[in-house]
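This report examines one protein chain by way of its cavities, its cores and the confidence of its model. Please keep the sequence and the structure in view while reading.

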Amino acid sequence: GVRAPPLLPRTQGRGRRGPGARAAMARLVASVRHFLGALAPPRTRWRSTEECTATPGQTAFWQACLGGPPSPEGTAAAGSTLWALPASLALALAKAPPAPPGGAGSCAGSEAGLRVAILGAGERNEYAAGLHRHLGVGGLGELLAAVAGEEGPAVTFDVIGPEVPAAWSGRSECLGRHSVRHVRGLLHELPEDVEHHLCIALHAGFVVPRYRSDWRPTLRRLATHGARVVVTAYDVVEDAANREALEAAALEVGAAPALILQTGPSDCGALQGRAGLGKLHYAMTCSELPGVGPTRQATAFMSRQDAQRKVVDCIRGLAVAAAVRHGAV
């Protein structure tokens, strides 16, 4: 609790305070300011347009994916809001560390392969049936499998979060070479032996007051065990706050400093947004948390050009499949 400040000394006379009273008042004012400063939530919902202005890289990326003029009303701009989620997932997977050998079989076989945690998915966004319908997929699991693709390692996705729909919690899907498990809960509540090669946090808001108490123990666990973490944000302010939270978690558990592999505006960020909210997956930070104990070596990932090419191919393929499914082709 908060300790009550000591009573101010009484003064002689009406409306006058002696030196002791003035000093006590100054201490009280300073104490109150410090207390209110500790309670004040960090600034994580903005925002001026400068904090999420479309970058040349974003404009070029979405024109390559969807075509159309770069104007706010163009096909690329309008479509970027819809396709920002699968594009950001594909880009995050391109930043995964190498998978252990033996992970190219069916998901019905061994667990070997790449294990990826999807953190923060919720019913109103990633599980929204309307979004899946527009993307031409049957659900979040099918979208993840499509993004993972037919090349590369088999992936086991663990979708974890307190807003995972109750109807999906505990369900597992086998989708070709990949599998998807849905868990309603928090990552740090899982058994300690459950570890992931990559954690993708979608619009996590690590320091948003409403979610901060849930994220802190999760970040401590990731910082202790070591993990590669990719987190998206609505703008550069929130992106910087997420980066600082990752760095703070590593220091808090006594691990080696977090290695920031990428931060700032993402090529996959949406070109359109909403006032006071920002743009979907506008920014992205990728960090290697070394963990406590033997230093975890950060492994390289695709170059920006190779990753962009891979994501463009992915989105083009998904867009064509969606058009076919909707009878537009």
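## The enclosed cavity

Helix α6 contributes three residues to the lining of the largest cavity, the most that any element gives. The structure under discussion is a predicted model. It holds one cavity of 30 Å³ or more, and the volume of the largest cavity is about 90 Å³.

The lining of the largest cavity consists of Leu187, Val194, Glu195, His196, Cys199, Arg221, Leu222, His225, Gly226 and Ala227. By character, five of the lining residues are nonpolar, three are polar and two are charged. Empty space of this kind is found by rolling a probe the size of a water molecule over the atoms.

## The largest pocket

The largest pocket holds about 970 Å³ of space. Its lining is made up of 39 residues, and those nearest the centre of the pocket are Gly120, Asn125, Glu126, His203 and Tyr234. Two or more lining residues come from each of α3, β2 (155-161), α6 (209-225), β8 (273-274) and β9 (278-279).

Helix α6 appears again here: with five residues, it gives the most to the lining of the largest pocket. In the lining of this pocket, 18 residues are nonpolar, 13 are polar and eight are charged.

## Overall architecture and confidence

The protein chain contains eight helices and ten strands. It has 329 residues, of which 46% count as buried. Among contacts with a separation of 6 or more, 73% join residues that lie 24 or more positions apart.

The mean pLDDT of the chain is 81, with 76% of the residues at 70 or more. Among the elements, strand β5 (residues 198-201) has the highest mean pLDDT, 97, and helix α1 (residues 19-39) has the lowest, 47. Two stretches call for particular caution. Over residues 1-17 the pLDDT stays under 50, and the model shows 13 contacts beyond four places in sequence for them. The pLDDT is also below 50 over residues 29-46, a stretch with 22 contacts in the model beyond near neighbours in sequence.

## The nonpolar cores

Which residues of the largest nonpolar core touch the most other members? They are Trp62, Val116, Ile118, Phe157, Val159 and Ile200, out of 51 residues in this core. Helix α3 (residues 75-93) supplies the largest share of the core, eleven residues. A second, separate core has 27 residues, including Ala201, Phe206, Val207 and Ala258.

The surroundings of Ile118 give a closer view of the largest core. Apart from neighbours within four places in sequence, Ile118 is in contact with Leu89, Leu144, Phe157, Asp158, Val159, Ile160, Ile200 and Leu202. Trp62 belongs to helix α2 (residues 56-66), where Gly57, Gln58, Thr59, Phe61, Trp62 and Cys65 are buried. An α-helix has 3.6 residues a turn, so residues three or four places apart point the same way. Just after α2, Gly67 adopts a positive phi of about 75 degrees.

## Val230 in strand β6

Is Val230 buried or exposed? Its relative accessible area is 0%; because the limit for a buried residue is under 20%, Val230 counts as buried. Val230 is located in strand β6 (residues 227-233).

If residues up to four places away in sequence are not counted, Val230 touches Ala92, Leu198, Cys199, Ile200, Ala201, Met284, Thr285 and Cys286. A distance of 9.6 Å separates the C-alpha atoms of Val230 and Thr263, which are 33 residues apart along the chain.

## Two histidines with positive phi

His203 has a positive phi of about 45 degrees although it is not a glycine. This residue lies in the loop between β5 and α6. With a relative accessible area of 14%, His203 is buried, and it is also among the lining residues nearest the centre of the largest pocket.

A positive phi, here of about 55 degrees, is likewise found at His281, which is not a glycine. The position of His281 is in the loop between β9 and β10 (283-289). His281 is buried, with a relative accessible area of 3%.

Note on methods:
Residues numbered from 1 in each chain as written. Predicted model: local features only at pLDDT ≥ 70, side-chain atom pairs only at ≥ 80, totals over all residues. Heavy atoms only, no water. Buried < 20%, exposed > 50% of the residue type's maximum accessible area, 1.4 Å probe, protein only. Helix = DSSP H or I, 4+ residues; strand = E, 2+ residues; numbered from the N terminus. Core = buried A, V, L, I, M, F, W, Y, C linked by side-chain atoms within 4.5 Å. Contact = heavy atoms within 4.5 Å. 1 Å grid on protein atoms, 1.4 Å probe; cavity = no way out; pocket = protein on both sides within 12 Å on 5 of 7 lines; lining within 4 Å. Points joined across faces, edges and corners; volume = space filled by probe spheres on them. Nonpolar A, V, L, I, M, F, W, Y, C, P; charged D, E, K, R; others polar. pLDDT = per-residue confidence, 0-100.
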